[in-house]
Every structure is written in C-alpha cells, then in structure tokens.
Amino acid sequence: MAAQTASSGVRDQEIAAEQAHLDRVYHRLEEKITEAEFLMHDAAQRGHVGTPGALAERDAQVYRAGVRLNRLNNEFEDFLFGRIDLLRGKDGVKGPDGAFTSVDPADDAVGPDATAEIAETLHIGRIGVLDTDYAPLVIDWRAPAAAPFYRSTPVAPGRVVRRRVIRSKGRRVLGVEDDLLRPELDTGLPVVGDGALMAALGQARTHSMRDIVASIQAEQDLVIRAPAASVTEVSGGPGTGKTAVALHRAAYLLYQDRRRYAGGILCVSPTPLLVAYTEGVLPSLGEEGQVAIRAVGSLVDGVTADLYDDPAVARVKGSLRMQKVLRNAARGCLDLVPARPSQLRVVAFGRRLELGEQELAEVRRQVLGGTTPVNLLRPRARRLLLDALWRRAGRRFDDAELAAEERQGFDEDITTEPEFTTFLDAWWPVLEPRTVLASLADERRLGRWARRVLTPPEVRRVARSLRRDGASVHDVALLDELDTLLGSPPREKRKRELDPLDQLTGLDELMPQLGETARERAERLARERTEYTHVIVDEAQDLTPMQWRMVGRRGRTATWTIVGDPAQSSWSDVDEAAQARDEALGTRPRRRFTLTVNYRNPAEIAEVASTVLALAMPGSEPPRAVRSTGVEPRYEVAGADLGADVRAAAERLLAEVDGTVGVVVAMNRRAQARDWVAGLGDRVVALGSLEAKGLEYDATVVVSPAEIAEESPAGLRVLYVALTRATQRLTVVAREADLPDAGGVPDLLRAD
C-alpha cells in the first residue's frame with residue numbers, strides 16, 4: 001500500500017523526476033518553435049512571386065505560422081501542471097492525443113493481494129505536445145484523455161491511482177502536491193504533500209484572476225465539458241468558481257470545435273473591474289482573439305460607461321417600461337429639429353408645386369404606420385412626398401408607358417433639386433441614439449413621451465440623471481434599444497467613375513494589391529462584430545430587463561452559457577428580469593447545473609455571510625465551505641473619523657496577508673473611500689458594493705453593513721456579496737446606524 005510521506009528526500013526525488021520531464025517538454029517546444037520560424041521565413045519568400053495566388057497563400061501561411069509561434073513562445077506560469085498515474089484499461093485503443101481511451105480498469109489490473117502496476121502516466125498542460133514519435137509528452141487539459149485528472153474521486157477513481165499537481169515557474173519545477181485516489185492498492189507510488197486543492201486555496205491573491213486549470217474540481221469539470229448545444233445554466237453561491245468555470249468553458253469550446261466558433265464567443269461581465277480581473281485567464285489557457293470579454297457598460301461600440309445611477313433611477317432605466325418611452329422618443333425627435341420646415345416648395349413643369357403643413361403631417365402619419373425603424377423609413381418618406389407632389393402636378397396620361405416614363409423623369413428632376421434634398425434632411429433627419437437619449441433630459445418633453453408609463457417623480461429623476469456628463473451603465477442598454485428603434489440609415493450607392501484602365505485585362509497581375517488581406521479582413525470583422533456564435537453571461541442575476549434585451553441581440557442564433565446566483569442579485573424585480581431573460585434565450589432547451597462548494601471563503605467568514613443570506617432569501621442554502629482557518633472575523637466600531645478608522649483597518653490587514661486587500665463601501669462613498677486608502681500601495685483597492693461582484697481579495701474591510709443594505713431594495717443581497725469577497729480575513733467597520741452590540745457586531749450580522 002502506498003503511504004503518505006513528507007520526507008524531504010522523497011519530495012526532492014519527485015521534483016527532480018518532474019523537472020527531467022519538463023526539460024524534455026521544453027526541448028521539444030524549442031524544436032517546434034524552430035519549425036514555426038522556418039515556416040514563417042518560407043512563407044515570406046513566397047511574397048517575391050508576383051501572382052495573386054502566391055500572395056494569398058503567403059498571407060495565409062504567415063498567419064497560421066504566426067499564431068502557432070505566438071502560442072509556443074508564451075511560457076506561462078505552470079505550463080505543465082498535472083500528472084495522473086493510471087491502471088491498465090479494458091482495451092488498448094488510443095485516441096488522437098496518443099492516450100488510451102479506456103475509462104475503466106481491466107478486470108485483471110488489480111491482483112488478488114491488492115497489488116497493481118501503473119500502466120500509463122499522462123502529464124497534463126495548457127497545450128498538447130507530442131514527441132518526434134507522436135507519443136504524448138503533454139496532454140492538452142481540454143482533451144478527453146485529461147478528463148480523469150478533474151473528474152476522478154476516491155469514490156469513483158476509475159483508472160486513476162494518483163493525481164499530482166505540479167507547481168512550476170517558467171522552466172523550473174517548484175513543488176508537487178499529490179492526491180492518492182486508490183490508497184488500498186500497493187503500487188509503490190510515493191505520495192507527497194497535503195493535497196492539491198488546499199495548496200491552491202492557500203495562495204495569495206493578486207489583482208488578476210488566476211486560471212484554475214490545475215485545481216478544477218469534478219462538479220466544475222462537468223460544466224466546463226458540457227455539450228454546447230442550446231443553453232447551459234449554472235447556478236452557485238459565492239466562491240464556487242462560477243466565473244472561472246465560465247472562462248475555462250470558453251477555452252474548452254474553442255478546443256472542441258474551433259471552426260464552429262469562428263463567429264466568436266462573447267463573455268459579458270457586470271463591471272469593468274471584473275473584466276480587468278479576468279482578462280488574463282484565457283491567454284494563460286492558450287486562447288486569444290476569438291473571445292471578447294466585455295463589461296455590460298461597454299457592449300455598445302464607442303461607449304464605455306462606468307458611472308452608476310442612483311438605485312431609484314436604475315430601477316426605472318432597467319425596466320421594460322422604458323421600451324415604450326424610447327419608442328415614443330425615437331419618433332417624437334423628428335419634430336425637434338431647429339427651424340423644422342412647415343412647407344415644401346419645388347418647381348416642375350414650369351410651375352411651383354407646394355405641400356402645406358397639413359399635407360406634410362398626413363404624409364408623416366402614413367410613413368410612421370408600423371414598427372419599421374425610423375431611419376429606415378426615410379426612403380419611404382421620400383417616396384410618399386414625391387407621390388404627393390405628383391398628384392399636385394395634376395398630370396394625366398392615357399398611355400401607361402408614357403405616364404411611367406414621365407413620372408420617372410419627374411422623380412429624377414425633383415430629387416436632384418437642392419430645395420428638395422435640403423427639405424428632406426430637415427424634415428426627416430437621420431437620428432442618432434445619443435441625440436435621442438439626450439433629448440430625454442428635458443423633463444417636460446420626457447413627461448410627454450412617458451405619459452401613463454412613468455410617474456412624475458420617476459420622470460424628474462430620469463431627466464435629472466441624463467443632464468450629467470457621461471453615460472451610466474444603465475444608459476448603455478437604452479442606447480442599444482434606440483439603435484434598434486432608429487436603425488442604421490441606408491447607404492447611398494455612389495456610382496464609380498469610369499476609369500479607362502478598367503478596360504485592360506490582367507492588370508491585377510502587374511500592379512500591387514491595395515485591398516485588405518484575408519487576415520486584415522478577419523480582424524476588421526471581429527472588431528465590428530455585434531453577433532456571436534456563443535454567449536457567456538457572468539453574474540447573470542444582475543442584468544436588468546433592458547440589459548437582457550441588449551445582450552440577447554448579440555446572440556440571436558448563438559448557444560449560451562448563463563452563470564449566476566439569485567442570492568447575489570442586485571436587481572429588485574426578479575420576475576420582470578426572468579421575462580426578459582426568457583425572451584432573449586427564446587425556446588432553446590436548457591441544461592442546468594448547480595455548484596455547491598465554496599472554495600473561496602473560510603468557514604468562519606461563510607458563517608457570517610449565511611446570517612445575511614437568511615435575511616435576504618429565507619430558506620436558501622449557502623454553498624459549503626471546504627476549509628477553516630481558525631481566524632474569526634474582526635468587528636470594529638468607527639469613531640468620529642470614519643476614514644481614519646477604515647484606513648487603520650486596511651493597514652493592519654496589509655501586515656497580516658501577503659496579497660490584496662479590498663475596502664467595500666456603499667456606492668455613494670466610492671470617491672471618499674479612495675481618498676481614505678490613498679498612498680497605501682497597489683495591494684489595496686477601494687470599491688463600491690456593486691463593483692465587488694465576482695472579485696476576491698485575501699482580506700476585505702466591509703464598511704457599514706446597514707448603509708450597504710439600505711441603498712436599494714436588493715441591498716441585503718448586495719451586502720451578502722460584499723461579505724463573501726475574502727479568502728482569509730474579514731474586518732467589519734460599523735457605524736452608529738449599524739446598531740453594534742458590545743462586541744462591535746452589527747445588528748444585521750448577529751445570528752440571534
């Protein structure tokens with residue numbers, strides 16, 4: 001039977017063995033890099049051949065070799081991170097990655113005396129590497145052969161006897177941590193360390209999310225490798241790894257079927273802070289370029305919003321009631337053009353033709369019938385104006401062909417007249433979403449368009465919020481809705497002037513090609529992309545109904561992965577959000593998973609958070625914490641200078657932990673909090689309660705739980721989020737409004 005050992009000699013031997021294997025891997029990688037560089041050089045030489053075919057082939061080969069070289073040159077931390085030692089399988093069939101495909105051990109793999117031999121050893125890494133004989137040196141973590149590394153447990157080990165996590169930096173192995181999954185067998189395998197998961201959980205945090213590829217657990221792996229068809233819904237409490245699972249799923253889907261997802265994967269995050277925190281995960285997994293990680297406030301091109309509306313304003317802007325208000329505004333803005341003309345005068349057939357205000361109003365009424373976007377109605381408005389002018393001209397013809405010819409000439413003459421084009425531009429202008437949204441800042445005008453939809457106090461609040469500089473996160477969804485209601489105006493087709501050289505043939509063989517290359521076109525289309533083949537929504541419970549409509553437009557034909565936790569929702573009307581979510585996802589079948597284990601918070605912190613969860617959502621079960629540190633949360637009562645007390649708490653935590661410290665305050669105190677911690681260094685960050693979603697720190701300071709809970713109807717759920725950000729230490733600074741007891745524990749956090 002293999003025995004657990006902590007012998008330094010055995011540990012050093014095992015590290016040396018893994019170092020030897022890692023050296024072989026990097027030697028092979030250097031060979032592959034040399035091959036890629038040769039391909040780049042060879043492809044560049046093809047550019048000296050002047051045929052378009054050679055140029056296209058060169059461009060494609062340079063692009064492929066460049067991508068390959070870029071992946072090989074990236075020496076990520078923990079490039080090789082895992083190993084599994086397996087029993088002999090039931091069959092001898094090998095998969096495309098060079099590993100045996102059997103999941104179950106052979107019937108005779110274990111002897112009568114519980115002895116067994118290791119038949120296969122696989123090393124798991126970020127990308128697959130084969131030796132010169134095509135035997136696997138490293139199995140890509142997404143390959144089927146790597147699945148037992150994540151899914152095997154002592155209850156269901158399959159062929160896996162020992163699972164090892166290898167910690168390395170660059171080309172140097174730093175340590176190993178083993179899990180013995182079949183301790184009853186005598187295999188002679190040494191087992192080093194206290195287990196990979198606990199080692200990973202104890203690492204200090206930085207301001208960037210690590211990938212969890214070395215410590216994915218079985219329930220997480222089921223989500224990552226779930227088939228992509230239809231909608232995959234994942235729910236789980238704080239610390240269950242929802243965000244990391246979503247990002248690893250994106251990398252897995254690309255590995256499984258890169259061609260299918262050539263249309264791009266969109267990952268929607270709630271805040272820019274979470275985007276910045278997670279943006280390094282996919283490159284560390286060997287994936288770049290095909291996954292766009294966007295904050296909700298950055299989904300509309302040209303707009304980056306990080307301002308937040310007051311909760312009362314946000315509830316209005318996020319509601320589906322805004323659809324009707326914006327529809328009225330999109331059409332009503334046609335009347336807001338300065339000096340809007342009230343009559344149209346043109347000259348035709350030697351006489352003046354005129355349409356008065358009443359006739360123009362009737363034309364507009366006819367044009368606006370239906371739901372066609374306003375800017376797309378401009379050609380119809382032009383046509384109906386010409387019809388009205390033709391009727392006013394009173395021309396009659398018995399010959400239909402002659403009448404058609406006369407009418408065509410009439411239309412051409414009128415539409416080239418400056419008076420007509422100037423009138424059309426002023427009477428039916430091309431409207432921009434920002435212009436229409438800005439028009440809602442006029443309270444009287446907004447009241448007219450929102451009659452019987454919004455209450456007078458709601459009108460006042462929304463109009464006031466739109467008078468400030470900059471767009472809020474909730475404004476972005478309104479801009480996207482307006483873009484749909486207005487539509488992009490049809491582009492005028494310009495006739496290209498005839499070039500005498502166009503008559504020559506074969507000219508493209510003699511002159512350089514100035515058009516964009518295939519690679520440039522692909523990059524341009526990626527930048528302009530508004531619809532994707534797969535959409536991942538992180539912290540989905542926070543999307544407002546209007547934001548669901550915005551996200552839904554980016555995945556009309558996509559498959560989806562929805563990740564969230566109702567207990568952490570900051571949106572008050574859950575039913576309305578569910579309605580908008582169902583409309584966005586359509587009738588696609590849904591597959592549901594639940595993550596139940598909290599890997600982030602120690603049990604001491606999780607217990608405090610569960611007290612708030614019981615108030616926010618009675619009957620909800622919190623995720624189970626897997627570890628305990630023995631360190632209880634610290635409670636302090638602020639004196640006259642709240643800022644000084646918060647700063648002192650942050651300084652003390654900096655001395656207690658090696659990683660980051662987050663100071664979480666109510667949204668209206670964000671600017672104050674940044675001043676409080678100014679000068680403490682990069683390890684400390686101050687943020688509002690809504691910005692904390694999805695982030696984690698070694699230690700957190702939560703300032704005035706009552707203030708956070710009272711800032712919105714969903715305040716208790718937001719407080720629950722704030723309390724679950726820490727991996728090691730939690731300090732709560734209470735104010736008088738928190739009603740702290742003799743021990744400084746706020747009323748909301750007391751279990752009794």
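A residue counts as partly exposed when its relative accessible area lies between the 20% under which it is buried and the 50% over which it is exposed. By that yardstick Arg634 is partly exposed, since its relative accessible area is 40%, whereas Glu636, at 17%, counts as buried. The side chains of these two residues, Glu636 and Arg634, meet in a salt bridge with an N to O distance of 2.9 Å. The structure discussed here is a predicted model, and the pair is a handy way into its charged contacts.

In total, the structure holds 47 salt bridges. Side chains of opposite charge can pair when their charged atoms come close. In another example, the closest N and O atoms of Asp85 and Arg83 are 3.0 Å apart, forming a salt bridge, and both Asp85 and Arg83 are buried. A further salt bridge brings together the side chains of Glu531 and Arg556, at 2.8 Å from N to O. Glu531 sits in the loop between helix H20 (518-528) and strand E14 (534-537), and Arg556 in the loop between H21 and strand E15 (559-564), so this pair ties together parts that are 25 residues apart in sequence. Glu531 is partly exposed at 33% relative accessibility, and Arg556 is also partly exposed, with a relative accessible area of 48%.

Turning to the nonpolar interior, the largest core has 83 residues, and Leu385, Trp428 and Trp560 are those with the most contacts inside it. At least three residues of this core come from each of domain 3 (231-306 + 531-594) and domain 4 (338-427). A second core, separate from it, has 41 residues, including Ala146, Val245, Leu247 and Ile536. For readers who like to follow a single side chain, Trp428 is a good choice. Leaving aside neighbours within four places in sequence, Trp428 is in contact with Leu334, Arg364, Val367, Leu368, Val374, Leu377, Arg378 and Ala381.

Among the helices, H18 (residues 473-486) reaches 21 Å from its first C-alpha to its last over 14 residues, close to the 20 Å expected at 1.5 Å a residue. H18 is mostly covered, with 12 of its 14 residues buried. The buried residues include the charged Asp475, Asp480 and Glu481 as well as Val473, Leu478 and Leu486. The cover over the buried residues of H18 includes helix H9 (311-317), helix H10 (322-332), helix H15 (433-439) and helix H21 (545-552). Just after H18 comes Gly487, with a positive phi near 75°.

The strands offer a picture of their own. Six of them make an open sheet with mixed pairing, in the order E4-E5-E3-E2-E6-E7. The edges are strand E4 (129-130) and E7, each of which pairs on one side only. At the E4 end, E4 and strand E5 (residues 136-140) pair in the antiparallel sense over 2 bridges, and Leu130 stands opposite Pro136 in E5. At the E7 end, strand E6 (residues 160-169) and strand E7 (residues 172-180) run antiparallel and are joined by 8 bridges. Here Lys169 stands opposite Arg172 in E7. The hairpin of E6 and E7 has 2 residues between the strands, and Gly170 takes a positive phi near 65° in it.

Conventions
Residues are numbered from 1 along each chain as its sequence is written. This is a predicted model: local features need pLDDT of at least 70, side-chain atom pairs count only at pLDDT 80 or more; totals for chains, interfaces and linings use all residues. Side-chain values use heavy atoms; hydrogens and water are left out. Helices (H or I, at least four residues) and strands (E, at least two) are DSSP runs, numbered from the N terminus. The expected span of a helix is 1.5 Å times one less than its number of residues. Buried means under 20% relative accessible area, exposed over 50%, partly exposed in between (1.4 Å probe, protein chains only). Contact means heavy atoms within 4.5 Å. A salt bridge is a side-chain nitrogen of Lys or Arg within 4 Å of a carboxyl oxygen of Asp or Glu. A nonpolar core is a set of buried Ala, Val, Leu, Ile, Met, Phe, Trp, Tyr and Cys residues joined through side-chain atoms within 4.5 Å. Domain bounds come from an automatic or database domain assignment. Two strands pair if DSSP finds at least two bridges between them.
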